[in-house]
Amino acid sequence: MADALQNAMQKDEPKFTDPIRGEMVCFASSMISTNGVWQGYDPFEYSLPLFILQLMLIVVITRILIFLLKPLRQPKVISEILGGVILGPSILGRSANFSATIFPLRSIMVLETLANVGLLFFLFLVGVEMDLGMIRKTSQKAMVIAIACMSLPFLIGSSTTFLFNGETQVNHLSFVVFMGVALSVTAFPVLTRILAELKLLNTEIGKIAMSAAMMNDICAWILLALVVALVESNSSTTLASFYVIFSSIGFVLMLIFVVRPGIEWFIHRIPNGESFSDYHICLILTGVFVCEFITDAIGTHLIFGAFVFGLIIPKGPLATTLLEKLEDFVTTLLLPLYFAISGLRTDISSVNGKGDYGFFIAIIVLACVGKVAGTLLIALYYKMPFREAFVLALLMNTKGLTEMVVLNVGKDQKVYINTIILLP
């Protein structure tokens with residue numbers, strides 16, 4: 001393997017900096033698949049068989065954890081997060097042989113690329129599931145609860161930024177907004193599945209929680225896009241940051257007033273009773289990639305384009321068809337890859353000393369107390385029974401995929417220091 005890497009360097013083969021360990025890695029572009037062990041080839045040295053092995057390992061560990069945690073009625077996302085942590089340097093990754101064999105540096109680029117493709121399509125499906133009509137129909141109670149359950153933890157999170165003064169690589173405003181978003185967001189996809197599993201979707205608490213979490217999530221993605229746009233602190237990029245914000249607004253307006261009417265037009269051209277063809281599904285999926293490319297090109301994160309495009313998909317047969325065709329493949333096969341990457345970035349053993357543990361526990365407590373207290377006080381103000389108000393407060397404190405995405409985006413953009421304190 002060393003000879004192959006040396007030859008790759010001499011031939012100017014592709015090179016990249018490993019995003020997890022920060023080391024320069026080169027690889028031979030012809031090392032995709034092997035001709036078999038009988039001819040003396042090692043499958044672990046070729047990218048495709050190694051990726052298949054990694055995928056199988058991730059899926060198997062995730063499914064085992066789902067089975068073990070099922071009696072505790074834990075959602076699947078918990079098992080996926082734990083699976084990523086198990087594979088990372090916190091547990092199995094502590095073995096140098098395991099990391100070098102199963103997750104070598106040269107394989108990280110392929111794994112992370114597929115993981116982000118899965119994430120993008122998942123957030124597209126989250127947008128498809130969200131019914132903006134529910135927000136228009138929601139009561140004043142749900143709207144006030146959404147504002148309260150986000151405002152208090154946002155203020156708490158942003159006020160803790162002075163503890164990390166001088167330890168970030170970006171301007172303080174970006175760090176303030178990022179910390180506020182990281183601690184105040186509610187994981188809408190996870191909450192939806194919890195409510196469905198508990199059969200609370202059609203109850204009053206379920207409807208209020210869904211409406212409030214939806215508004216919370218939309219605000220969080222907008223603020224996260226703002227963080228990415230303002231991530232540079234020097235004066236030469238200040239004007240560029242405004243260009244990013246205005247072009248993002250223009251992109252959203254184009255989707256609302258141009259793309260959505262176009263999608264509604266071809267939906268109405270399909271006779272009643274007929275299903276959507278492969279051509280229509282392919283057109284929508286191509287639109288996802290186009291939106292992702294545009295948002296990345298203008299300086300907003302890829303996930304923003306996928307999420308907004310999912311939001312403008314008209315609710316009805318098309319949305320149902322997309323969910324039926326994509327949801328199982330994306331959530332079962334591709335999405336666990338993203339948690340594996342998150343696990344590879346997380347090293348729980350890096351928390352050492354009373355100071356680190358103090359920060360770690362304090363931020364968790366502040367985030368949960370702010371979320372629960374803000375929701376509970378407003379719910380009691382609307383004269384909800386204490387038990388129902390407390391259940392609603394706990395539901396609004398749901399964490400999961402959304403927070404993992406926010407934290408990983410912040411890490412990629414160097415919004416915060418490389419510390420376990422901010423990782424769940």
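**Exercise 1. A serine in α7**

Which residues is S158 in contact with, leaving aside its neighbours within four places in sequence? Place S158 in its helix and classify its exposure as well.

*Solution.* The model is predicted.
- Step 1: find the element. S158 belongs to helix α7, residues 140-159.
- Step 2: check the accessibility. The relative accessible area of S158 is 13%. The cut-off for buried is under 20%. S158 is therefore buried.
- Step 3: list the contacts. Neighbours within four places in sequence are left aside; S158 then contacts V176 and G180.
- Step 4: take one distance. S158 and S184 are 26 residues apart along the chain. Their C-alpha atoms are separated by 10.0 Å.

**Exercise 2. The chain as a whole**

How many helices and strands does the protein chain have? State what share of its residues is buried, and what share of the counted contacts joins residues at least 24 apart.

*Solution.*
- Step 1: count the elements. There are 17 helices and two strands in the protein chain.
- Step 2: take the burial. The chain has 424 residues, and 49% of them count as buried.
- Step 3: take the contacts. Consider those between residues at least 6 apart in sequence: 74% join residues at least 24 apart.

**Exercise 3. Glycine 305 and its partners**

Is G305 buried or exposed? Name its contacts beyond four places in sequence.

*Solution.*
- Step 1: locate the residue. G305 sits in helix α13, residues 302-311.
- Step 2: read the area. G305 has a relative accessible area of 0%, so G305 is buried.
- Step 3: list the contacts. With neighbours within four places set aside, G305 contacts F251, C291 and T295.
- Step 4: follow F251. F251 and G305 lie 54 residues apart along the chain, with 8.7 Å between their C-alpha atoms.
- Step 5: follow C291. C291 is buried too, at 5% relative accessible area.

**Exercise 4. Cysteines and disulfides**

How many disulfides does the structure hold? Compare the exposure classes of C291 and C368.

*Solution.*
- Step 1: apply the criterion. A disulfide needs two cysteine sulfur atoms within 2.5 Å. The structure holds zero disulfides.
- Step 2: classify each cysteine. C291 is buried at 5%. C368 is partly exposed, with a relative accessible area of 29%.

**Exercise 5. Leucine 120**

Which residues does L120 contact beyond its neighbours within four places in sequence?

*Solution.*
- Step 1: locate the residue. L120 is in helix α5, residues 108-129.
- Step 2: classify it. The relative accessible area of L120 is 9%, so L120 is buried.
- Step 3: list the contacts. L120 contacts E292, L302, I303 and A306.
- Step 4: compare sequence and space. L120 and L335 are 215 residues apart in sequence. From C-alpha to C-alpha they are 9.2 Å apart.

**Exercise 6. Alanine 182**

What does A182 touch, not counting residues up to four places away in sequence?

*Solution.*
- Step 1: locate the residue. A182 is part of helix α8, residues 172-184.
- Step 2: classify it. A182 has 12% relative accessibility and counts as buried.
- Step 3: list the contacts. A182 touches E403, V406 and L407.
- Step 4: add a distance. The C-alpha atoms of A182 and A220 are separated by 8.5 Å, with the two residues 38 apart along the chain.

**Exercise 7. Two helices that pack**

At what angle do α2 and α14 pack? Name the residues that make the contact, and sort them by class.

*Solution.*
- Step 1: take the geometry. Helix α2 (residues 47-69) and helix α14 (residues 317-344) pack at about 90°, their axes 9 Å apart.
- Step 2: name the arrangement. Angles of 65 to 115 degrees count as roughly perpendicular. That is therefore the class of α2 and α14.
- Step 3: list the residues. α2 supplies F51, L55, I58, V59, T62 and R63. α14 supplies T332, L333, P336, L337 and A340.
- Step 4: sort them. The contact has eight nonpolar, two polar and one charged residues.

**Exercise 8. α16 and the loop before it**

Which residues of α16 are buried? Then examine K383.

*Solution.*
- Step 1: list the buried residues. In helix α16 (residues 386-396) they are A389, L392, A393, L395 and M396.
- Step 2: look down the axis. The buried residues of α16 fall within an arc of 160°, so they line one face of the helix.
- Step 3: turn to the other side. F386 and R387 are exposed there.
- Step 4: go to the loop. K383 is found between α15 (353-381) and α16. K383 is exposed at 73% relative accessible area.
- Step 5: check the backbone. Phi of K383 is near 65°, a positive value in a residue other than glycine. Most residues other than glycine have a negative phi.

How values were computed: Residues are numbered from 1 along each chain as its sequence is written. This is a predicted model: local features need pLDDT of at least 70, side-chain atom pairs count only at pLDDT 80 or more; totals for chains, interfaces and linings use all residues. Side-chain values use heavy atoms; hydrogens and water are left out. Buried means under 20% relative accessible area, exposed over 50%, partly exposed in between (1.4 Å probe, protein chains only). Helices (H or I, at least four residues) and strands (E, at least two) are DSSP runs, numbered from the N terminus. The arc is that of the directions from the helix axis to the C-beta atoms. Axes are lines fitted to C-alpha atoms, for helices over the stretch in contact, and angles run from 0 to 180 degrees between N-to-C directions. Angles under 35 degrees count as roughly parallel, over 145 as roughly antiparallel, 65 to 115 as roughly perpendicular and the rest as oblique. Contact means heavy atoms within 4.5 Å. Ala, Val, Leu, Ile, Met, Phe, Trp, Tyr, Cys and Pro count as nonpolar, Asp, Glu, Lys and Arg as charged, and the others, Gly among them, as polar.
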